[in-house]
Each structure stands twice: as C-alpha cells, then as structure tokens.
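Reader: Could you walk me through this structure and explain the terms as we go?

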Amino acid sequence: MPKKGVINNPAGRKKGTPNKATAELKQWIQCLIDDNRIQLEQDLMRLDPKDRWIIVERLMQYTTPKMANIEAKLSDEDLNQVVNEILKNINDENTN
C-alpha cells in the first residue's frame, strides 16, 4: 500500500490538464454542433418561446461565467459616503 502523499507516477499528467478522452469528447461535441448549426437553429425556432428560452438559458451556462456570490460589508458611514460620491458624480455630469 502506497504511503499517503507519495505520487505513484511523478511523470503523469499535470494538475489541470484534461485527460485525452475528455478532450476528444469536447472536440466531437464541438464538431457535431458546428456541422449541424443550421438544423439546430431551425429546431430551436420551432419550439414554443417558453421552451426556446429554457434551452437558451441552459446553453448560456457553458458560455457565460457564473457570478460569484460576494457579500459587501460596509458600515453605514461608508455606505453614505459611497452614495454621496455617486450622487455628486451624477450632478457633475448633469451640469456639464
């Protein structure tokens, strides 16, 4: 039994490198879509608008990065300062 932390194949695939099967599958899917783009668009347009937007939304997850959930922790004083600066900038733009 190998010891914990010991690498059995130090010359193996580097971290983050996709395996060959994954790369080949991605390439095959890309070719399938590219070769059938017109038919896919026609099929998509035949769907009811609601169903069409469901498909578009599902496809977007593969092209659009997901938003990270960021929580800002501002004091009331900091928040007031930010709001005042924004209002000042808006007023400056409106007077020019």
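Reader: Where is Leu79 placed?

Author: Happy to start there: Leu79 is in helix H4 (residues 76-95). Helices are DSSP runs of H or I with at least four residues, numbered from the N terminus. Please keep in mind that this is a predicted model, where local features need pLDDT of at least 70, side-chain atom pairs count only at pLDDT 80 or more, and totals for chains, interfaces and linings use all residues. Residues are numbered from 1 along each chain as its sequence is written, and side-chain values use heavy atoms, with hydrogens and water left out.

Reader: Why is Leu79 called partly exposed?

Author: Buried means under 20% relative accessible area and exposed means over 50%, with partly exposed in between (1.4 Å probe, protein chains only). Leu79 has 42% relative accessibility, so Leu79 counts as partly exposed.

Reader: What makes Arg46 exposed?

Author: Arg46 reaches 59% relative accessibility, and therefore counts as exposed. Its partner Asp43, at 32%, counts as partly exposed.

Reader: How do you know that Arg46 forms a salt bridge with Asp43?

Author: A salt bridge is a side-chain nitrogen of Lys or Arg within 4 Å of a carboxyl oxygen of Asp or Glu. In this pair the closest N and O atoms are 2.7 Å apart, so Arg46 and Asp43 form one. Both lie in helix H2, 3 residues apart, about one turn of the helix.

Reader: Why does the pair Lys88 and Asp92 count as a salt bridge?

Author: The closest N and O atoms of Lys88 and Asp92 are 3.5 Å apart, so the pair meets the 4 Å rule. By this rule the count comes to 3 salt bridges.

How values were computed
Helices (H or I, at least four residues) and strands (E, at least two) are DSSP runs, numbered from the N terminus.
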